[in-house]
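Here are a few friendly notes to read alongside the model. Keep the view open and follow the strands as you go.

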Amino acid sequence: MELRGMLHTILSELHIGMLVLATGMIILWLIAARSRREQMRTLAIIADRTAYVAAIAGLSALVLAALAGLYTTWEWEAVQSTVLTRNKIMISALSMAFWGMLVYVRARQGEYVWQRPAITGLYLALTLGGFATIVLAGSLGGVASLKGTILDPFFDALKLNRYVMLVLPQPINYSLIVVTLVVTAWSFWVARSGKADRGKAR
Amino acid sequence: MLRLCKVMAVAMGLLLALILAGPGMSQSPDDDDNVIWIPEQLTTQLAVQAAYDDENVYFYLQWPTDTPHFYHDYLVYEDGQWVRYGASPVGSQEFGVYEDRVTFLVDDGSVYGFKNQGCYVTCHDGLRFMSDAVGKDEVQRHAYLGEILERTDVRKYLPQSRAGENWYDAPWDIVESEQTLSDYRANGVFLDFWHWRAHRGNPIGYADDQYVMEFRSSDEGKGPYTTNWDNDLNQPKFMFNPQLTGQYALRWDKVVAREYTQDDYYYLSEEIAMPFDLGHPWQEGDVIPRRLLREPDGSHGTIRADGRWSDGLWHVELVRALDTGYPLDDKPFVEGRTYTVGFAIHKNATGSRWHYISFPLTLGIGQHADVTAMRLSDQEPEWEDIKPVMVDLFYPGQTDWEFVTSDAHPGAEAIRMDDRGCGSCHQSALKMGQASVALETRDEGNWAWTVAAGVLVIVGGSITVLNLQRRKN
């Protein structure tokens, strides 16, 4: 059990390190890309590629850490019934969604991600969300393992109780799901009709 | 398009904020159907001092409460009938007519688990006022609790009183044989239960004396109160003697306004009572206490009490003989020995399980411990000379013995092995309170939907931006 618990710890350290590196590199790109100096532009290219690779590695480690956490730390019944772990699973799932979409966007758009303001905005939003969620998930892990984290004073000052189940009222859940599905379906329709228009124009 | 991206980014931020808003956005924790009521404050403190002399042991207990509650269980004259206000409530009694209390359990090492887990060994699935409380009919049909003890609910009991496969298995309905229970008790396997009540005993200078074994039972003898109600005539048995108290009854509007002070006759005792007079012209809003205080005797009347509220604190002194001479009900205190104690207080007009409890502490009689009872040279303790021990207490919710020893509790193995206490993992009273509330109010149904909604918003939002960008290109 000790050894198996260690696997989760190692993978957690790995994904946090990688994803923080990815975040740092994206911030570095924002700084370097504004410069007109050639060296800085080269640095921006390296930062972008490093961020991409680090995000892929970090996301992989995050998934493996989550699986190791689910199956190799506490008894499954305890994982399921403890509010702290439920919160951690939720925040980790959101983190996977942020980083997964970030990797997907970067894979689809390539370096165009930095040339189209809308995509750049999306990319930065995903980075921000991904970073915030890994910090939160890591903090909850620190509480669960009874070690505490440097964020504890922050949570205490804000009177945030990490033992309260993070849930939204069901009407809000349903609304979010329905609205998202409708808007996403509409965007597919818009994209397809645009493609058809371009085809006709040709 | 950039505007849309900003909107999406804000939407994602809002989603995170919504989820992290936590308690504010989750369903209300108070739930009358499941007898759930969460106090605003999850923790409080109790100052404990102890001393002893050749004859007696003394405790001095102080805890903060802005409003003292010493009114309790009143009969109010309404529309020609006496209506009861102040039966054991779910949470805080709305008119404040439920008394404050301080209690503690004492073990001399005879009770399995108490040294490490304290009061948790007494709290079980199915107890009254739990969401899964056993029904009255089921208890009444039970061969021992119903037919022999004539109980209608399940209250505190020890795992040792139940015949489980392991020492920690303690289903409410599998009670050990009467002979085994009797043997255990003769060997001191029970918890001595000191029970001070602001109304039912304190005004006449007594605390209740009970014990916990197969049930939370009263010691032998007459207790410090009885019920002032005649079931046959459907009226109180006693009322105030106006020649001694200057009143026939209290007034409900004054009770609600808390105008009766500790020096007034807010209680009814044998000394100031007279038989109820049906012919008296009772007025709407007249109030007669539903409890009659009386001089206790036998093992039941061994704890003297002097409690008074002032400056935002209850100050309660309890005195009992070191050895009461009732070994089946009371734990004798012996100089040089160490005991385990677990404290609890009720405040804010709450009863039953809406209390604050402590981790177990050691109590040394002239022996260094968490709480050290100092030897007195004089008869009367000078409490100013004895440093109080500040004890943190927390709201335990419905976290019971069955949960803490189950696989659903990450620390269960340590408890089943009885080698560590709750405090070794839950490092503070606040964290215990928070974890307890989390367990009591968790909502698994919404949880899965919230995860799904969150993930979908992130994925769907991102795809939408990509699609709209495709359209633009």
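**Notes on the strands of chain B**

1. Let us begin with strand 18 of chain B, residues 338-346: eight of its nine residues are buried, so the strand is largely enclosed by the rest of the structure. Buried here means that 20 or more other C-beta atoms, placed from the backbone, lie within 10 Å of the residue's own. Strands are DSSP runs of E with at least two residues, numbered from the N terminus.

2. Before going further, please note that this is a predicted model, where local features need pLDDT of at least 70, side-chain atom pairs count only at pLDDT 80 or more, and totals for chains, interfaces and linings use all residues. Residues are numbered from 1 along each chain as its sequence is written, while chains are lettered from A and ligands numbered from 1 in the order in which they are written.

3. Which strands pair with strand 18 of chain B? Two strands pair if DSSP finds at least two bridges between them. Strand 5 (residues 101-107) of chain B does so in the antiparallel sense over seven bridges, and V106(B) stands opposite V341(B).

4. Strand 20 (residues 361-365) of chain B is also antiparallel to strand 18, with four bridges; here T338(B) faces G364(B). Strand 19 (residues 356-358) of chain B joins strand 18 through two bridges, again antiparallel, with I345(B) and Y356(B) as bridge partners.

5. Now look at the open sheet of four strands in chain B, ordered 4-3-14-11 with antiparallel pairing. Strand 4 (81-85) and strand 11 (250-251) of chain B each have a single partner strand, so one side of each is left without a neighbour in the sheet.

Note on methods: A residue is buried if 20 or more other C-beta atoms lie within 10 Å of its own, exposed if 12 or fewer, and partly exposed in between; C-beta atoms are placed from the backbone.
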